[in-house]
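Work through these exercises with the sequence and the 3D view side by side. Try each task before you read its solution.

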Amino acid sequence: MNLARKLACIVTLVVCAMSLAANWLAPAGYATQFREAPSAAPSRQHWLGTDEVGRDRFARVLYGTRISLLLAPAAALVSTALAALVGGLAGYLGGIWLRVARGFTDLFLSLPWLFLLITVRALLPLNVSPTVSVLITFLILGLLGWAASARVLSTSADALRNSDFILQARASGLHGARLFLVHVLPNLKPVLYAQFWISIPVFILSEANLGILGLGVAEPLPSWGSLLRELEGMISFREEPWRLVPLLLLIVVMTSFQLLLSNEEVTA
Amino acid sequence: MIARRFRILVGFALFFSLALGCFAQSGGELRFCLRSEPKTFDPLLVDDDASLSIRYLTGGVLARVNRHTQEIEPELAESWKVSKDGKQITFKLRRGVTFSDGSSFSAEDVAFTMQRLMDPALHSSTGDAFRSDKGTVSTKIIAPDQVAIIFPAPIAGLDRLFDQVAIMSAHSPKKEGAVLGPFMVAEYKAGSSVLLRRNPNYWKKDSQGRRLPYLDSIRLDIQSNRDVEMLRFRRGELDLINVLDSDYFDRLASTSAGLAHDAGASLDSDFLWFNQVASAPIPEYKRAWFHSANFRRAISQAINRDDLARVVFNGHAQPAVGPVSPANKFWFDSKLKAEAYRPDAALQRLQAEGFRLQNGALFDKGGNAVEFSIVTNAGSKPRERMAVMVQEDLGKLGIKVNVVTLDFPSLIERISQKFNYEAAMLGFRNVDLDPNGQMNIWLSSAEDHAWNPQQKSPETTWEAEIDQLMRAQASAADPKKRKESFDRVQEIVAEQAPIIYLVNQNALSAVSTAVAGANPGILSPQTFWNAERLTLNGNQNSPSQASR
Amino acid sequence: MRSTSLSKTLFWKILRQLSSIAALVLLGGLLSATLVRMAPGFDADERELDPSLNAESVRALHQARAGEHNILGFYVGYLRGAMHGDLGTSHALGQPVQSLLRERWPVTVRVAGIGLLLAWLMGMTLAFTACLWRFPAYEILGITLSGAFLCIPAAVLALLSVILNAPGYLAIALIVFPKIYRYSRNLLAKAYSMPHITAARARGVSETRVLAWHVVPLAGPQMIALAGVTISIALGASIPVESLCGLPGIGQLAWQAALSRDLPLLVNLTVLVTLVTLMANSAADVMNFVTNHVTNYALNPREV
């Protein structure tokens, strides 16, 4: 397993390094349109071919990696923290707090948040900068993505509340926030790690879908999500297999993240 | 004796097979997709594509515009006469025609349909097309096979409007279930499909006296996703794709010759315009830009339409000239040409208006950087790509363009109600050849006067001129005079560029080799406009033989 | 005596759950109606862009929705109608909402239900076998497989199922199973790391017995809670799957309703989804409650 973790570390570092060095590595700008060669196959000039308006796909993968690699984990961190706060705390406190938190979480899971997102877009100026737009998008995703995990966390924390070691800790004088942070929260790690790991690709894909509401990464900025959306028009993967490269890259990065996250999750 | 009996038997066999041959239809079920759920089966309330397709296949009309020749032809009416003042049309109806439920068709049904259509409470787009002025529309039954319809004011191109009016039965208990068209609705599974079966009482016969339609039924599957539709067509599960995306056209043409059809430029256009509404919540300096004809012309000249047609539509589109596509043979002003791509001339125009280029960015005379947003609807890949290409083209002039894709209701609210936008890009699906159908776009007081609707009085002299020309062509009886007026409208639009026309997409469609008699055209419905004469010959269009 | 006290506690717990479900469903309906009403484009109708409609007809289009401007008034009217079985009429489809839901609900139940069962089967099989066998290569395979399906857009999975002529529920299963796998694997791994489990294994207790008697009871409550949550995940996944696979279910309806701001339909759909989510999660809570009591009684009979 150590070998796997080492490999994962190398892969993650290489991907990060390549995305940071995009200005030097990319054969062309991510927005440059080679209109004589739209939807071109891979060639010496365009290693992964071009997209429908002739933009170099390799350049777009490199630049898109920066945005998605930085912001999706950040948003996942926000949603995980919120899940820990709402679910973990409610389960720890128990009683009416737990019932209220569960009710609130269930309601949160059922509401059509699409309309909130549409309203957010309406409140933003049309000429909002791409940076601000993408930051707001991932922030909203983080703020909306905690509910499912919070539900599971509340059950875990509720079970822990009456466990022997917590009772012992209480008996030895530990209470309140310190008890929660030192003893309860670390035992919620399995769910928290799962939440974090699952959220990253979910948010990457959601960011692309939010494009239909005017949120998300604005053109011509690329993101993994927008690159993956290209797959939606493929009715035969044999015809243009190079379009699968962003997907393969995302899978490799996600696998590497998981291998790096924690040692005890992957060994029994 | 035995030989004689044998000859009699053979004779009978021959007779029966010939008789059967006379009455036998080619039969079979034609299959294609509707891209959305039909909103209504009431032919008078139809205004969405899916319901329009069903109305076309089931409704009987008095006169039909031939989708190929673009000429009006008699259908349920043998002939008609429009009065000199353009306010009355008298139809002579065919005799012996019955509805699908067996009830007779007569002038009473036409009168009933028109009375219902013109009911002010109905609010139908079909009915509104006949509303020329305040006042009521009256009908006069002259004879069981003759009816006159009298309008309060003249209507230009009156006879052609009846192509959209499906005649309903005045007496049948089945109401809209009783039809005069070649097919009738047999089954509707919400979210899934609509099944049309042949109308056994359809009045039309072919040259050999065989009753049409040839097909037994048509199955319309409800499928909004174009990728899935294409997949099913390639697998042989569908026989037609009425409107084919250019992305798929070349793929289909390269793998299976003869399936993909390009009928040339359609009537549809894609365009963009700037917000010129006085009360719009946009900065004054931007309003000043958008009000300047030179600014708009410069933008138009800076956009490479040839690239749009070639890259976005794979060559299956043409640079648009104006509000009328060259496919509209009579109404297109052939003196006009598409705006050529001339970024240097565009920059000169802008400089003449006080704009200046500095460090790769364009500034106006007030020192404001030229930056604006283009809103368009999400979900249309061609339009999103065009917006990205326009962004790149204008970027070369130092103009920063932000492309914002919105869901349709949000977009409509911005461009029609709140006017909270700067520039917008949309497309127009034109089903009407006659420019009267665009009245509500060109009149400055109208709702759909995109760049500045509902003006109390025209804010510019050229808009006042357009108002006057549109009204003149609407009331003129002579087609030549009408064309003169509308040609001038097209010229003003080209000079002032309130709407910057980008491309006219070609009419692309796909027809399986199993279908015989198809002749795809540019007018909607492109592939099944002659549905009553289509047959299925059992050949498959894909290597995997789909069983019928 | 003890079983009576458990049943009594259970009865009151279920009653409390049902009343909070009712209150939350009502609140959910009102909140969703508010969200839809406040969102831009509420009054917009694409028919406004039809140039053949005159000004009066366009005004009539806006008037058709006038009754929905006052959201409280609309909601009270909706509840009144709902008590008589009238759930309103869909603007987008022009049909009574009740008949739309009645026609489409079974499709979603079948597709999402089978998809969810399959997802649990796949997720749990992968998670349990990873815990039992503990081969690093197998672990990496599980991570890669679940990671791959998490990264593939739902629309692409649905399209793949159309390409391969696979049933729609398979696409839902592939969308949901990675989440089930990841949570379950972590919960089971955590349970395995407990000292008493290590001690049991060191003493030679069989792996199956360790799993069934010690690991599952530890991880069980959270997995039951996860089961409730996956129902809402499956319902969400049904939207792209039904739209692409041409399945006339609730998911397809929800998307159409959202795009056309169809308030009557959206409120009903939210109420339905809220009800299902709450019932599922409450059932999970009740199951956990019963399991805990039974386990505690088994371990400490005198204390219950």
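The exercises below go from confidence to sheets, helices, contacts and backbone details.

This is a predicted model, in which local features need pLDDT of at least 70, side-chain atom pairs count only at pLDDT 80 or more, and totals for chains, interfaces and linings use all residues. Residues are numbered from 1 along each chain as its sequence is written, while chains are lettered from A and ligands numbered from 1 in the order in which they are written.

**Exercise 1. Confidence**

Task: Find the mean pLDDT of chain B and the stretches of chain B where pLDDT is under 50.

Solution:
- Start with the term: pLDDT is the predictor's confidence in each residue, from 0 to 100.
- Chain B has a mean pLDDT of 90, and 93% of its residues reach 70 or more.
- Residues 13–25 of chain B stay under 50. The model gives this stretch 1 contact beyond four places in sequence. Two residues are in contact if their C-beta atoms, placed from the backbone, lie within 7 Å.
- Residues 539–548 of chain B are also below 50. This stretch has 21 contacts in the model beyond near neighbours in sequence.
- Where pLDDT is low, the predicted coordinates should not be read in detail.
- Now turn to chain C: its average is 86, and 96% of the residues score at least 70.
- For the complex, the predictor gives an ipTM of 0.88 and a pTM of 0.89.

**Exercise 2. An antiparallel sheet**

Task: Give the strand order of the open sheet of chain B with antiparallel pairing, and name its edge strands.

Solution:
- Helices (H or I, at least four residues) and strands (E, at least two) are DSSP runs, numbered from the N terminus. Two strands pair if DSSP finds at least two bridges between them.
- The sheet has 4 strands in the order 4-5-7-6.
- Strand 4 (77–82) and strand 6 (138–143) of chain B each have a single partner strand, so one side of each lacks a neighbour in the sheet.
- Neighbouring strands are turned by 20° against each other on average, direction ignored. Axes are lines fitted to C-alpha atoms, for helices over the stretch in contact, and angles run from 0 to 180 degrees between N-to-C directions.
- Go inside the sheet: strand 5 (residues 88–93) and strand 7 (residues 146–150) of chain B pair over 5 bridges. There B:Thr90 has B:Ala148 as its bridge partner.
- Helix 3 (residues 107–117) of chain B lies across strands 5, 6 and 7, at about 180° to strand 6 of chain B.

**Exercise 3. A mixed sheet**

Task: Do the same for the open sheet of chain B with mixed pairing.

Solution:
- The order of its 4 strands is 1-10-9-8.
- At the edges stand strand 1 (29–34) and strand 8 (183–189) of chain B.
- Strand 8 pairs with strand 9 (residues 193–198) of chain B in the antiparallel sense, over 6 bridges. B:Lys189 stands opposite B:Ser193.
- Helix 2 (residues 49–58) of chain B lies across strands 1, 8, 9 and 10 (217–222), at about 145° to strand 8 of chain B.

**Exercise 4. Two helices**

Task: Describe how helix 4 and helix 5 of chain C pack.

Solution:
- Helix 4 (residues 97–133) and helix 5 (residues 136–151) of chain C have axes 9 Å apart, at an angle of about 160°.
- The two helices of chain C are therefore roughly antiparallel (angles over 145 degrees count as such, under 35 as roughly parallel, 65 to 115 as roughly perpendicular and the rest as oblique).
- C:Leu126, C:Ala130 and C:Trp133 meet C:Tyr138, C:Glu139 and C:Gly142.

**Exercise 5. Chain contacts**

Task: How many residues of chain A touch chain C, and which helix gives the most?

Solution:
- Chain A has 47 residues in contact with 54 residues of chain C.
- Helix 10 of chain A gives the most to this side, with 9 residues.
- Chain A and chain B meet through 20 residues from chain A and 25 from chain B.

**Exercise 6. Backbone details**

Task: Where are the cis peptide bonds before A:Pro220 and B:Pro213?

Solution:
- The bond from A:Glu219 to A:Pro220 has omega near 5°. A:Pro220 is in the loop between helix 10 and helix 11 of chain A.
- The bond from B:Leu212 to B:Pro213 has omega near 0°. B:Pro213 is in the loop between strand 9 and strand 10 of chain B.
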